[in-house]
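This report introduces a protein structure to a reader who has not met it before. The sequence and the structure are shown first, and the description follows.

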Amino acid sequence: MDKHIIITIGREFGSGGKSIASLLGERLGIPVYDNELITKAAEKSGLSATVFRESDEKRSFLGLGNILGSLRFGDFGRNMLNDGELFRIQSETIRDLAASGDAIFVGRASDYVLRDMKTFDIFIFAPRQVRARTVAARKGISEEEAAELVLKQDKTRRDYYNLFTLGDNWGVASNYDLCLDSSIIGYEAAADYIISFGRQGGLI
């Protein structure tokens, strides 16, 4: 019987996690779900994909600290409840996709969502200055601006993960099967290494 392969990828902003996921998908012939998951969740719930996208943008803009602080004023609780409902819908979508076949999930706390299944959980990281240079080149901004964006996006991802996983720690090595510094060997070699590691460990 063919092995059911489920890979989850957490990543620091600018580390190339999405690119590495795409390479893994190509090499293994497995679908990769990232932004596509928003559309899948929308189809499942009957809501517009815009609802999920705006929720992502709101978290990115406000940050967890501002979101929790605003609860004191009583008029943000409904939005947080909505965010929790959106997370539930996305989580159900992730679980349905994982149950139906091989899949690679990028972000969305997918390692936590699928914690009761056999998965290959990976975290991709790189030195902050390397990621700032990567982001600066990709977005056509200065390295100083990119460095600030890296910090902001990392915080957004950490807050999202820690909030919805009830306190699990984003990026902590013990939560993953493999943590990999993409700056050492590059994206292509990183994808090859992940496949080799996964096969030796019986995860692929």
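## Salt bridges, a central strand and a surface patch

Glutamate 85 and arginine 88 are three residues apart in helix α4 (residues 77-100), so about one helical turn separates them. The two residues form a salt bridge in which the closest N and O atoms are 2.3 Å apart. Glutamate 85 counts as partly exposed, because its relative accessibility is 35%. Arginine 88 is likewise partly exposed, at 35% relative accessibility.

The model described here is predicted. Its protein chain has an average pLDDT of 86, and 85% of the residues score at least 70. Residues 61-81 are a stretch with pLDDT below 50, which has 19 contacts in the model beyond near neighbours in sequence. Where pLDDT is low, the predicted coordinates should not be read in detail.

Nine salt bridges are found when the whole structure is searched. Three of them are set out below, each with its N to O distance.

| Acidic residue | Basic residue | Distance, N to O |
|---|---|---|
| Aspartate 192 | Arginine 27 | 2.7 Å |
| Glutamate 85 | Arginine 88 | 2.3 Å |
| Aspartate 116 | Arginine 95 | 3.0 Å |

Which parts of the chain does the pair of aspartate 192 and arginine 27 tie together? Aspartate 192 belongs to helix α8 and arginine 27 to helix α1 (residues 17-28), so this salt bridge ties together parts that lie 165 residues apart in sequence. Aspartate 192 counts as partly exposed because its relative accessibility is 41%. Arginine 27, with 33% relative accessibility, also counts as partly exposed.

A further pair is the salt bridge between the side chains of aspartate 116 and arginine 95. This pair links distant parts of the chain: aspartate 116 sits in the loop between α5 (110-113) and β4 (120-125), while arginine 95 is in helix α4, 21 residues apart. Aspartate 116 has a relative accessible area of 56% and is therefore exposed, the cut-off for exposed being over 50%. Arginine 95, at 32% relative accessibility, counts as partly exposed. In addition, Glu12, Arg131 and Asp154 are joined into one network by salt bridges that share partners.

The next element is strand β1. Is this strand enclosed by the rest of the structure or open to the outside? Six of the six residues of β1 (residues 6-11) are buried, so the strand is largely enclosed by the rest of the structure. In a regular strand the side chains alternate between the two faces of the sheet. In β1 both faces are covered: Ile6, Thr8 and Gly10 are buried on one side, and Ile7, Ile9 and Arg11 are buried on the other.

Strand β1 also has pairing partners. It runs parallel to strand β3 (residues 103-106), with four bridges between the two, and parallel to β4, with five bridges. Isoleucine 7 has a bridge partner in each of these strands: isoleucine 104 in β3 and phenylalanine 120 in β4.

The surface offers another feature. Ile184, Ile185 and Tyr193 make up a nonpolar patch there, and their accessible area together is about 310 Å². Isoleucine 185 is part of helix α8 (residues 182-200). Because its relative accessibility is 40%, isoleucine 185 counts as partly exposed. Helix α8 is also where aspartate 192, the partner of arginine 27, is found.

Notes
Residues numbered from 1 in each chain as written. Predicted model: local features only at pLDDT ≥ 70, side-chain atom pairs only at ≥ 80, totals over all residues. Heavy atoms only, no water. Patch = residues over 30% accessible without salt bridge, like charges linked within 9 Å, V, L, I, M, F, W, Y side chains within 5 Å. Areas by Shrake-Rupley, 256 points an atom, 1.4 Å probe, with all protein chains shown as cover. Salt bridge = Lys/Arg side-chain N within 4 Å of Asp/Glu carboxyl O. Buried < 20%, exposed > 50% of the residue type's maximum accessible area, 1.4 Å probe, protein only. pLDDT = per-residue confidence, 0-100. Contact = heavy atoms within 4.5 Å. Pairing = 2+ DSSP bridges.
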